[in-house]
Amino acid sequence: MGELVLTTYDWVPDPPRGFVRDLRIRWALEEAGLPYSVESTPFSERGPQHLAHQPFGQTPWLTDGDLSIFESGAILLHLGELNALLMPTDPKGRNETIEWVFAALNSVEMASLPWAILRFSGLAGDNPAWAELDRFLTLRLERMEPVLAAREWLAGSFSIADILMADVLRLVDRFDGLAGHGACRAYVARATARPAFRKAHADQMAHFAAAD
């Protein structure tokens, strides 16, 4: 393992603060007690140097020595390989963690993100597109509800799968989208009560506030 450097925006507007995805990486690093530093890239000007690390002009990315890794899921899988507190080393636990990592990103976030974008932008309402997105998300939450009612964490012990799933569901909860899904809401509450999340969240908020 080389020096771990997390890069995020230097500033973002108020609405997405606390939800920018570098929080997922900060959270994992804090859970594992891995030393790291944070660097900034301009929010308003995403030039060639930014695109060389993140071809879509987004954040975060993580450098680990000579490695530069983008996409929060890929970064978390990398960190999971570095520290057993983030991903079990036994085959069953490792496979379950990886399954739920992809489930969070491909089954739940694919429903929750467009739903949240419409809520953020004020476009949710009485129209067919919103009704279909809301139905799609509700179906995903209904599938997650019995899973989370039956276990504390997704793959036995707390892992990167929980960091991803809790962060995905946390955005839904911001708009009260977990009303009626008590197990999902309780899961988010358990995850966000962890000291590592609280520190990661406070650090992200302070990082963006420093640039105001």
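Mentor: A charge sits over a ring if NZ of Lys or CZ of Arg is within 6 Å of the ring centre and within 35 degrees of the ring normal. This is a predicted model, in which local features need pLDDT of at least 70, side-chain atom pairs count only at pLDDT 80 or more, and totals for chains, interfaces and linings use all residues. Residues are numbered from 1 along each chain as its sequence is written, and side-chain values use heavy atoms, with hydrogens and water left out.

Trainee: What makes R190 a charge over the ring of W153?

Mentor: The charged end of R190 is 5.6 Å from the ring centre of W153. R170 likewise lies over the face of F19, at 4.2 Å from the ring centre.

Trainee: Why is the pair of Y9 and F43 called edge-to-face?

Mentor: Rings of Phe, Tyr and Trp (its six-membered ring) pair if their centres lie within 6.5 Å; planes under 30 degrees apart count as stacked, over 60 as edge-to-face and the rest as tilted. The centres of Y9 and F43 are 5.2 Å apart and their planes stand at 90°, so the pair is edge-to-face.

Trainee: Why does Y9 count as buried or exposed?

Mentor: Buried means under 20% relative accessible area, exposed over 50%, partly exposed in between (1.4 Å probe, protein chains only). Y9 has 7% relative accessibility and therefore counts as buried, whereas F43, at 26%, counts as partly exposed.

Trainee: How do you know that W153 and F158 form an edge-to-face pair?

Mentor: W153 and F158 lie 4.9 Å centre to centre, with 85° between the planes. Both residues are buried, and W153 and F158 belong to one aromatic cluster with W27, Y187 and F197.
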